[in-house]
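Welcome! Here are some friendly questions and answers about why things in a structure get the labels they do.

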Amino acid sequence: MCVTRGYAPPGNNLCCATKIRIAGLSKCVRHTYSPTLRTLSTSTPLCQGIPGSVWKLGRLNHIAIAVPDMEKATALYRDVLGAQVSDKVPLPEHGVYTVFVELGNTKLELLHPLGEKSPITGFLQKNKSGGMHHICIEVDDISVAIVDLKARNIRTLSAEPRIGAHGKPVMFLHPKDCDGVLVELEQA
């Protein structure tokens with residue numbers, strides 16, 4: 001028997017498919033979804049036998065914040081809020097300076113323009129006080145994730161992954177394909 005504890009959107013008449021073996025025979029059975037029994041849950045479906053993705057989304061690595069004044073922003077998190085912060089590191093290949101703020105369960109990445117062609121310069125021209133620039137989520141296999149996402153018409157901002165601030169391959173996904181959010185994937 002198949003039990004789903006996830007949300008099925010209205011109009012979706014299938015909760016899952018599973019195989020039932022009876023006397024050595026295999027049969028695929030589909031269970032219908034009843035809108036009156038809809039529940040919300042963060043747990044995974046208990047359905048067995050459905051092929052999963054060949055790559056997995058991991059934990060939130062960091063949230064990046066573009067800042068017009070790196071020293072002032074660093075002082076806020078270090079001196080006022082009491083967080084542990086890294087040194088300011090230039091990343092010329094990305095056109096930014098970075099400072100990481102440790103939060104225990106994740107990090108904040110403070111970004112400031114480095115050079116005239118920095119992607120952060122345009123962002124700060126539109127957002128004078130700064131603001132959230134992107135989120136970074138770890139993946140277990142970035143190469144496979146990129147192939148799969150491109151096959152699903154999710155655009156990337158570069159042809160190939162580049163090495164990010166943590167020394168690992170990263171890829172940015174187009175915000176127009178990600179509900180208006182610039183998403184960075186990082187190899188775990």
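Q: Why is Arg152 called exposed in this predicted model?
A: Exposed means over 50% relative accessible area. Arg152 has 56%, so the label exposed fits.

Q: What makes Arg152 and Asp148 a salt bridge?
A: The test asks for a side-chain nitrogen of Lys or Arg within 4 Å of a carboxyl oxygen of Asp or Glu. The closest N and O atoms of Asp148 and Arg152 are 3.1 Å apart, so the pair passes. In general, side chains of opposite charge can pair when their charged atoms come close.

Q: Is Asp148 buried or exposed, and how do you know?
A: Buried means under 20%. Asp148 is at 19% relative accessibility, so Asp148 counts as buried. Asp148 also appears among the buried residues of helix α3 (residues 142-151), together with Ile142, Ala145, Ile146 and Leu149. These buried residues pack against β8 (131-139), β10 (169-173) and β11 (183-187).

Q: Why is the pair Asp177 and Arg155 said to tie together parts of the chain?
A: Asp177 forms a salt bridge with Arg155, with the closest N and O atoms 2.9 Å apart. Asp177 lies in the loop between β10 and β11, and Arg155 in the loop between α3 and β9, so the pair links parts that are 22 residues apart in sequence.

Q: What makes Asp177 and Arg155 partly exposed?
A: The label partly exposed belongs to values between the 20% and 50% cut-offs. Asp177 is at 24%, so Asp177 is partly exposed. Arg155 is at 42%, so Arg155 is partly exposed as well.

Q: Why do Asp79 and Arg78 count as a salt bridge?
A: Their side chains meet at 2.8 Å, N to O, which is within the 4 Å limit, so they count. Asp79 is exposed at 52% relative accessibility, while Arg78 is partly exposed at 40%. A search of the whole structure finds 5 salt bridges.

Q: Why is Tyr77 called buried?
A: Tyr77 has a relative accessible area of 17%, which is under 20%, so Tyr77 is buried. Tyr77 lies in helix α1. Leaving aside residues up to four places away in sequence, Tyr77 touches Ile65, Gly82, Ala83, Val85, Val101, Leu108 and Leu110.

Q: What makes Val80 exposed?
A: Val80 has a relative accessible area of 62%, which is over 50%, so Val80 is exposed. Val80 is found in helix α1 (residues 70-80). With Leu76 and Leu81, Val80 makes a nonpolar surface patch of about 300 Å².

Q: Why is Ala165 called partly exposed?
A: Ala165 has a relative accessible area of 35%, in between 20% and 50%, so Ala165 is partly exposed. Ala165 sits in the loop between β9 (162-163) and β10. Not counting residues up to four places away in sequence, Ala165 touches Leu91, Phe100 and Glu109.

Q: How do you know how many disulfides to count?
A: A disulfide needs a pair of cysteine sulfur atoms within 2.5 Å. By this rule the count comes to 0.

Q: Are Cys136 and Cys178 buried or exposed?
A: Cys136 is at 0% relative accessibility, so Cys136 is buried. Cys178 has a relative accessible area of 15%, which is under 20%, so Cys178 is buried too.

Technical notes
Residues numbered from 1 in each chain as written. Predicted model: local features only at pLDDT ≥ 70, side-chain atom pairs only at ≥ 80, totals over all residues. Heavy atoms only, no water. Buried < 20%, exposed > 50% of the residue type's maximum accessible area, 1.4 Å probe, protein only. Helix = DSSP H or I, 4+ residues; strand = E, 2+ residues; numbered from the N terminus. Contact = heavy atoms within 4.5 Å. Patch = residues over 30% accessible without salt bridge, like charges linked within 9 Å, V, L, I, M, F, W, Y side chains within 5 Å. Areas by Shrake-Rupley, 256 points an atom, 1.4 Å probe, with all protein chains shown as cover.
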